[in-house]
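Here's a quick briefing for anyone meeting this structure for the first time. Have a look at the picture, then read on for a guided walk.

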Amino acid sequence: MRTPPGCYAQGTNSSTTDWSSSVEKRDAVYPIGEVDPQGPGHRAQHLGRLADLQCVWQLRGVQPGPGIMGPAMFAPHVEPPSSPDGPVLLVSVRESRVALAEGPTPESGLFLGTLAGQNCWAVELGPEADEDLTDLYSLWGRVDEARWKLAGRAVQLVEWQRNHCFCGRCGSPTEPSAGERARRCPECGLLAFPRLAPAVIVLVERPDDGRALLARNVNFPGGMFSCLAGFVEPGETLEEAVHREVGEEVGVALGAVRYWGSQPWPFPHSLMVGFTAEWSGGEIVCQAGEIAEARWFSPGEVPAIPSGISIARRLIDDWMVRRDAL
(Lines give C-alpha, C1' and ligand atoms only; values in the text may rest on other atoms or scores of the structure.)
Protein backbone atom coordinates (compact mmCIF):
# COMPACT_ATOMS: atom_id res chain seq x y z
CA MET A 1 0.00 0.00 0.00
CA ARG A 2 1.34 3.44 -0.90
CA THR A 3 2.42 5.49 2.10
CA PRO A 4 2.67 9.27 2.57
CA PRO A 5 6.00 10.83 1.56
CA GLY A 6 8.25 10.81 4.61
CA CYS A 7 5.48 9.60 6.92
CA TYR A 8 7.68 6.95 8.53
CA ALA A 9 10.92 8.89 8.59
CA GLN A 10 9.33 12.29 8.90
CA GLY A 11 11.96 14.96 8.90
CA THR A 12 14.62 12.88 7.18
CA ASN A 13 16.42 13.10 3.91
CA SER A 14 18.51 10.07 3.08
CA SER A 15 20.53 11.93 0.45
CA THR A 16 21.84 14.60 2.83
CA THR A 17 21.74 13.12 6.34
CA ASP A 18 24.67 11.67 8.23
CA TRP A 19 22.90 8.62 9.62
CA SER A 20 25.84 7.59 11.79
CA SER A 21 25.43 10.61 14.05
CA SER A 22 23.58 10.27 17.37
CA VAL A 23 23.11 14.03 17.74
CA GLU A 24 19.65 15.45 17.00
CA LYS A 25 19.47 17.51 13.81
CA ARG A 26 16.60 19.48 12.40
CA ASP A 27 16.12 17.06 9.54
CA ALA A 28 17.92 13.95 10.74
CA VAL A 29 17.30 10.82 12.76
CA TYR A 30 17.79 11.15 16.51
CA PRO A 31 18.51 7.56 17.66
CA ILE A 32 17.82 8.06 21.35
CA GLY A 33 17.26 4.35 21.77
CA GLU A 34 20.52 3.22 20.21
CA VAL A 35 21.72 0.26 22.26
CA ASP A 36 24.77 1.09 24.33
CA PRO A 37 27.31 -1.76 24.20
CA GLN A 38 28.56 -0.60 27.60
CA GLY A 39 25.33 -1.80 29.21
CA PRO A 40 22.90 -0.21 31.69
CA GLY A 41 24.04 3.36 31.16
CA HIS A 42 21.90 3.41 28.03
CA ARG A 43 18.61 3.54 29.95
CA ALA A 44 19.60 6.61 31.96
CA GLN A 45 20.92 8.26 28.80
CA HIS A 46 17.60 7.68 27.06
CA LEU A 47 15.55 9.10 29.92
CA GLY A 48 17.75 12.18 30.12
CA ARG A 49 17.40 12.87 26.41
CA LEU A 50 13.65 12.32 26.58
CA ALA A 51 13.39 14.81 29.44
CA ASP A 52 15.36 17.30 27.37
CA LEU A 53 12.99 16.76 24.45
CA GLN A 54 9.96 17.35 26.67
CA CYS A 55 11.49 20.64 27.83
CA VAL A 56 11.99 21.68 24.20
CA TRP A 57 8.35 20.86 23.46
CA GLN A 58 7.23 23.01 26.40
CA LEU A 59 9.33 25.94 25.21
CA ARG A 60 7.79 25.61 21.72
CA GLY A 61 4.28 25.40 23.12
CA VAL A 62 3.85 21.77 22.04
CA GLN A 63 1.88 19.35 24.21
CA PRO A 64 3.39 15.86 23.64
CA GLY A 65 0.35 13.79 24.48
CA PRO A 66 -3.04 12.99 22.97
CA GLY A 67 -3.87 15.94 20.75
CA ILE A 68 -0.24 16.91 20.23
CA MET A 69 -0.61 20.61 19.66
CA GLY A 70 -1.55 23.06 22.37
CA PRO A 71 -4.11 25.86 22.03
CA ALA A 72 -3.95 27.27 18.53
CA MET A 73 -2.69 30.84 18.21
CA PHE A 74 -3.58 30.90 14.52
CA ALA A 75 -7.05 31.89 13.29
CA PRO A 76 -7.65 31.08 9.60
CA HIS A 77 -9.51 33.63 7.49
CA VAL A 78 -10.21 34.02 3.77
CA GLU A 79 -11.04 37.70 3.47
CA PRO A 80 -8.37 40.22 4.55
CA PRO A 81 -9.35 43.08 6.87
CA SER A 82 -10.57 46.24 5.13
CA SER A 83 -8.21 48.43 7.17
CA PRO A 84 -5.07 46.47 8.08
CA ASP A 85 -3.30 47.57 11.23
CA GLY A 86 0.50 47.45 11.54
CA PRO A 87 3.05 45.23 9.78
CA VAL A 88 1.99 41.80 8.55
CA LEU A 89 3.76 38.46 8.80
CA LEU A 90 4.68 37.60 5.23
CA VAL A 91 5.51 34.05 4.11
CA SER A 92 7.39 34.14 0.82
CA VAL A 93 7.15 30.81 -1.02
CA ARG A 94 9.00 29.15 -3.85
CA GLU A 95 7.96 25.49 -4.15
CA SER A 96 8.68 24.05 -0.65
CA ARG A 97 11.14 26.77 0.38
CA VAL A 98 10.04 29.75 2.45
CA ALA A 99 11.10 32.95 4.16
CA LEU A 100 9.20 34.57 7.05
CA ALA A 101 9.47 38.31 7.64
CA GLU A 102 7.42 41.25 8.83
CA GLY A 103 6.51 43.97 6.33
CA PRO A 104 3.74 45.99 4.75
CA THR A 105 0.59 44.38 3.36
CA PRO A 106 1.42 42.95 -0.09
CA GLU A 107 -0.43 44.18 -3.18
CA SER A 108 -1.25 40.60 -4.15
CA GLY A 109 -1.07 37.23 -2.50
CA LEU A 110 -3.10 34.86 -0.33
CA PHE A 111 -4.46 36.09 2.98
CA LEU A 112 -3.96 33.24 5.47
CA GLY A 113 -5.48 34.61 8.68
CA THR A 114 -4.06 35.97 11.92
CA LEU A 115 -1.35 34.64 14.20
CA ALA A 116 -1.58 36.09 17.72
CA GLY A 117 -3.60 38.93 16.20
CA GLN A 118 -1.13 39.70 13.39
CA ASN A 119 -2.31 39.47 9.78
CA CYS A 120 -0.51 36.77 7.78
CA TRP A 121 -0.04 36.58 4.02
CA ALA A 122 1.54 34.15 1.57
CA VAL A 123 3.21 35.34 -1.63
CA GLU A 124 4.64 33.14 -4.36
CA LEU A 125 8.08 34.16 -5.57
CA GLY A 126 9.15 33.95 -9.18
CA PRO A 127 12.44 32.31 -10.22
CA GLU A 128 14.09 35.71 -10.58
CA ALA A 129 13.36 36.81 -6.99
CA ASP A 130 16.47 37.14 -4.82
CA GLU A 131 15.37 35.79 -1.45
CA ASP A 132 17.14 33.79 1.26
CA LEU A 133 14.80 30.79 1.49
CA THR A 134 14.76 27.74 3.76
CA ASP A 135 13.08 24.42 3.04
CA LEU A 136 10.34 23.37 5.44
CA TYR A 137 12.33 20.45 6.84
CA SER A 138 15.21 22.68 7.86
CA LEU A 139 12.91 25.43 9.13
CA TRP A 140 11.64 23.18 11.90
CA GLY A 141 13.50 24.04 15.08
CA ARG A 142 14.45 27.51 13.86
CA VAL A 143 10.98 28.96 14.47
CA ASP A 144 8.26 28.06 16.96
CA GLU A 145 5.59 25.46 16.20
CA ALA A 146 2.92 28.00 15.27
CA ARG A 147 5.13 29.69 12.65
CA TRP A 148 6.31 26.36 11.25
CA LYS A 149 2.69 25.26 10.76
CA LEU A 150 1.90 28.65 9.20
CA ALA A 151 4.75 28.20 6.72
CA GLY A 152 3.44 24.73 5.85
CA ARG A 153 -0.04 26.15 5.31
CA ALA A 154 1.38 28.83 3.01
CA VAL A 155 3.29 26.28 0.90
CA GLN A 156 0.19 24.12 0.47
CA LEU A 157 -2.14 26.98 -0.43
CA VAL A 158 0.30 28.58 -2.87
CA GLU A 159 0.73 25.24 -4.64
CA TRP A 160 -3.04 24.69 -4.69
CA GLN A 161 -3.67 28.12 -6.22
CA ARG A 162 -0.94 27.61 -8.82
CA ASN A 163 -2.32 24.19 -9.82
CA HIS A 164 -5.93 25.38 -10.09
CA CYS A 165 -5.64 28.50 -12.23
CA PHE A 166 -7.74 26.66 -14.82
CA CYS A 167 -10.82 24.51 -14.45
CA GLY A 168 -10.17 20.77 -14.42
CA ARG A 169 -13.46 20.12 -16.20
CA CYS A 170 -13.70 22.68 -19.03
CA GLY A 171 -10.30 24.42 -18.98
CA SER A 172 -11.61 27.94 -18.32
CA PRO A 173 -9.65 30.32 -16.06
CA THR A 174 -10.82 30.09 -12.45
CA GLU A 175 -11.40 32.86 -9.94
CA PRO A 176 -11.53 33.05 -6.13
CA SER A 177 -14.86 31.97 -4.66
CA ALA A 178 -16.21 34.67 -2.35
CA GLY A 179 -16.29 33.81 1.34
CA GLU A 180 -14.55 30.43 1.12
CA ARG A 181 -11.14 28.95 0.38
CA ALA A 182 -11.93 27.72 -3.13
CA ARG A 183 -11.37 28.43 -6.82
CA ARG A 184 -14.52 28.65 -8.92
CA CYS A 185 -14.97 28.19 -12.65
CA PRO A 186 -17.21 31.00 -13.96
CA GLU A 187 -18.20 28.88 -16.99
CA CYS A 188 -19.28 25.53 -15.53
CA GLY A 189 -19.37 26.34 -11.80
CA LEU A 190 -16.88 23.67 -10.69
CA LEU A 191 -15.35 24.42 -7.28
CA ALA A 192 -11.80 23.37 -6.44
CA PHE A 193 -10.88 23.28 -2.75
CA PRO A 194 -7.38 22.88 -1.29
CA ARG A 195 -6.28 19.27 -1.54
CA LEU A 196 -5.79 17.30 1.67
CA ALA A 197 -4.70 13.65 1.78
CA PRO A 198 -5.49 12.04 5.16
CA ALA A 199 -3.15 9.29 6.32
CA VAL A 200 -3.14 7.14 9.45
CA ILE A 201 -0.07 6.36 11.52
CA VAL A 202 -0.16 3.88 14.39
CA LEU A 203 1.96 2.68 17.29
CA VAL A 204 1.05 -0.98 17.88
CA GLU A 205 1.69 -2.30 21.38
CA ARG A 206 1.69 -5.90 22.61
CA PRO A 207 -0.44 -6.00 25.78
CA ASP A 208 1.33 -8.89 27.52
CA ASP A 209 4.79 -7.32 27.65
CA GLY A 210 4.29 -3.74 26.43
CA ARG A 211 6.63 -4.06 23.46
CA ALA A 212 5.99 -1.81 20.44
CA LEU A 213 5.93 -2.88 16.81
CA LEU A 214 8.22 -0.73 14.67
CA ALA A 215 9.02 -1.25 11.00
CA ARG A 216 11.66 -0.31 8.47
CA ASN A 217 10.38 0.74 5.06
CA VAL A 218 12.33 -0.45 2.03
CA ASN A 219 13.30 3.17 1.33
CA PHE A 220 14.76 3.76 4.80
CA PRO A 221 18.48 3.90 5.40
CA GLY A 222 19.85 0.94 7.32
CA GLY A 223 18.84 0.70 10.97
CA MET A 224 15.98 3.23 10.78
CA PHE A 225 12.58 2.16 12.21
CA SER A 226 9.27 3.95 12.74
CA CYS A 227 5.50 3.49 13.13
CA LEU A 228 3.29 1.93 10.48
CA ALA A 229 1.40 4.36 8.25
CA GLY A 230 -0.58 4.72 5.07
CA PHE A 231 -3.18 6.72 3.18
CA VAL A 232 -6.89 6.42 3.90
CA GLU A 233 -8.84 4.85 1.04
CA PRO A 234 -12.15 6.29 -0.26
CA GLY A 235 -15.10 4.87 1.62
CA GLU A 236 -13.29 3.70 4.75
CA THR A 237 -13.10 5.12 8.26
CA LEU A 238 -9.83 6.10 9.88
CA GLU A 239 -10.06 3.07 12.18
CA GLU A 240 -10.67 0.75 9.23
CA ALA A 241 -7.60 2.23 7.54
CA VAL A 242 -5.50 1.43 10.63
CA HIS A 243 -6.62 -2.22 10.63
CA ARG A 244 -6.11 -2.56 6.87
CA GLU A 245 -2.67 -0.94 6.76
CA VAL A 246 -1.30 -2.97 9.65
CA GLY A 247 -2.70 -6.18 8.16
CA GLU A 248 -1.25 -5.42 4.74
CA GLU A 249 2.18 -4.31 5.89
CA VAL A 250 3.02 -6.71 8.73
CA GLY A 251 0.21 -9.30 8.76
CA VAL A 252 -0.92 -8.96 12.38
CA ALA A 253 -4.44 -8.38 13.74
CA LEU A 254 -5.41 -5.56 16.06
CA GLY A 255 -7.72 -5.25 19.03
CA ALA A 256 -8.56 -1.85 20.47
CA VAL A 257 -7.64 1.14 18.29
CA ARG A 258 -7.55 4.56 19.96
CA TYR A 259 -7.14 8.04 18.49
CA TRP A 260 -3.99 9.75 19.79
CA GLY A 261 -3.48 13.03 17.94
CA SER A 262 -2.95 14.59 14.53
CA GLN A 263 -0.43 16.66 12.64
CA PRO A 264 -0.54 18.64 9.39
CA TRP A 265 2.21 17.30 7.15
CA PRO A 266 2.87 19.68 4.24
CA PHE A 267 4.94 17.26 2.15
CA PRO A 268 3.07 17.95 0.03
CA HIS A 269 -0.46 18.03 1.51
CA SER A 270 -1.14 15.30 4.06
CA LEU A 271 -2.88 15.21 7.41
CA MET A 272 -1.32 12.59 9.66
CA VAL A 273 -3.86 11.09 12.08
CA GLY A 274 -2.15 9.22 14.89
CA PHE A 275 -3.46 6.14 16.72
CA THR A 276 -2.34 3.63 19.30
CA ALA A 277 -3.48 0.02 18.95
CA GLU A 278 -3.22 -3.30 20.75
CA TRP A 279 -1.92 -6.42 19.03
CA SER A 280 -4.49 -9.23 19.19
CA GLY A 281 -2.83 -12.01 17.20
CA GLY A 282 -0.70 -13.14 14.29
CA GLU A 283 2.98 -13.33 13.49
CA ILE A 284 4.87 -10.62 11.64
CA VAL A 285 4.88 -11.15 7.86
CA CYS A 286 6.43 -8.17 6.06
CA GLN A 287 4.78 -6.92 2.87
CA ALA A 288 7.13 -7.54 -0.05
CA GLY A 289 8.34 -4.38 -1.73
CA GLU A 290 7.10 -2.19 1.12
CA ILE A 291 8.47 -3.32 4.50
CA ALA A 292 12.07 -4.48 4.77
CA GLU A 293 11.90 -5.47 8.43
CA ALA A 294 9.52 -5.25 11.40
CA ARG A 295 10.21 -6.19 15.01
CA TRP A 296 8.92 -5.86 18.56
CA PHE A 297 10.97 -3.51 20.73
CA SER A 298 11.13 -2.73 24.42
CA PRO A 299 11.95 0.89 25.44
CA GLY A 300 15.53 -0.14 26.15
CA GLU A 301 15.98 -1.62 22.69
CA VAL A 302 14.59 1.21 20.55
CA PRO A 303 16.70 1.68 17.38
CA ALA A 304 17.19 4.81 15.30
CA ILE A 305 13.82 6.61 15.01
CA PRO A 306 12.52 9.80 13.32
CA SER A 307 13.30 13.27 14.62
CA GLY A 308 10.99 15.35 16.80
CA ILE A 309 9.43 17.07 13.78
CA SER A 310 7.10 14.12 13.31
CA ILE A 311 4.06 12.64 14.98
CA ALA A 312 5.82 9.28 14.52
CA ARG A 313 8.52 10.35 16.97
CA ARG A 314 5.95 11.74 19.39
CA LEU A 315 3.96 8.50 19.36
CA ILE A 316 7.11 6.54 20.15
CA ASP A 317 8.20 8.94 22.89
CA ASP A 318 4.74 8.82 24.46
CA TRP A 319 4.88 5.01 24.53
CA MET A 320 8.32 5.07 26.18
CA VAL A 321 7.12 7.52 28.83
CA ARG A 322 4.07 5.36 29.57
CA ARG A 323 6.14 2.19 29.84
CA ASP A 324 8.63 3.87 32.17
CA ALA A 325 5.79 4.95 34.48
CA LEU A 326 4.69 1.33 35.05
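**A first look**

Arg258 stands opposite Thr276 in strand S14. That's one spot in a longer pairing: S13 and S14 run antiparallel and share ten bridges. Keep in mind that you're looking at a predicted model. The chain has 326 residues, and 48% of them count as buried.

**The chain as a whole**

- You'll find five helices and 15 strands in the chain.
- The chain exposes about 15200 Å², and carbon and sulfur atoms supply 51% of that.
- Take the contacts between residues at least 6 apart in sequence: 66% of them join residues at least 24 apart.

**The S13–S14 hairpin**

- Strand S13 covers residues 253–265, while strand S14 covers residues 270–281.
- S13 and S14 make a hairpin, with four residues between them.
- An aromatic pair also links these two strands: Tyr259 sits in S13 and Phe275 in S14, so the pair ties together parts that are 16 residues apart in sequence.
- How are the rings of Tyr259 and Phe275 placed, stacked or edge-to-face? Their centres are 6.0 Å apart and their planes meet at 80°, so the pair is edge-to-face.
- Phe275 counts as buried, because its relative accessibility is 1% and the cut-off for buried is under 20%.

**More aromatic company**

- The count of aromatic pairs comes to eight.
- Trp265 and Phe267 form an edge-to-face pair, with 4.7 Å from centre to centre and 65° between the planes.
- Both partners are tucked away: Trp265 is buried at 0% relative accessibility, and Phe267 is buried with a relative accessible area of 10%.
- Trp265 and Phe267 also belong to an aromatic cluster, together with Tyr137 and Trp148.

**Trp279, a residue with plenty of neighbours**

- Where does Trp279 sit? Its place is in strand S14.
- Trp279 is partly exposed, with a relative accessible area of 23%.
- Leaving out residues up to four places away in sequence, Trp279 touches Val204, Glu205, Arg206, Pro207, Val252, Ala253, Leu254, Gly255 and Trp296.
- Val204 is worth a second glance: it's 75 residues from Trp279 in sequence, yet their C-alpha atoms are 6.3 Å apart in space.
- The side chain of Trp279 also reaches two backbone oxygens, that of Gly281 at 3.2 Å and that of Gly282 at 3.0 Å.

**The six-stranded sheet**

- Elsewhere in the chain, six strands form an open sheet with mixed pairing, in the order S1-S4-S5-S2-S3-S6.
- Strands S1 (74–76) and S6 (134–135) stand at the edges with a single partner strand each, so one side of each has no neighbour in the sheet.
- As general background, strands of a sheet pair through backbone hydrogen bonds, either parallel or antiparallel.
- S2 (residues 88–94) and S5 (residues 118–124) are a parallel pair with five bridges, and here Leu90 stands opposite Trp121 in S5.
- S2 and S3 pair the antiparallel way over seven bridges, with Glu102 in S3 as the bridge partner of Leu89.
- S2 and S3 also form a hairpin with two residues between them, and Glu95 in the turn has a positive phi of about 55°.
- S3 and S6 run antiparallel and are joined by two bridges; the bridge partner of Arg97 is Asp135 in S6.

**Helix H3 and Gln156**

- Which helix packs on this sheet? That's H3 (residues 145–163), which touches S1, S2, S3 (97–103), S4 (110–115) and S5.
- The direction of H3 makes about 165° with that of S4.
- Gln156 has its place in H3, and is it buried or exposed? Gln156 is buried, with a relative accessible area of 17%.
- Setting aside neighbours within four places in sequence, Gln156 is in contact with Leu196, Pro266, Pro268, His269 and Ser270.

Methods: Residues numbered from 1 in each chain as written. Predicted model: local features only at pLDDT ≥ 70, side-chain atom pairs only at ≥ 80, totals over all residues. Heavy atoms only, no water. Buried < 20%, exposed > 50% of the residue type's maximum accessible area, 1.4 Å probe, protein only. Contact = heavy atoms within 4.5 Å. Areas by Shrake-Rupley, 256 points an atom, 1.4 Å probe, with all protein chains shown as cover. Pairing = 2+ DSSP bridges. Axes fitted to C-alpha atoms, helices over the stretch in contact; angles between N-to-C directions. Polar contact = N/O pair within 3.5 Å; in protein donor to acceptor, adjacent residues only side chain to side chain. Phe/Tyr/Trp six-rings, centres within 6.5 Å; stacked < 30°, edge-to-face > 60°.
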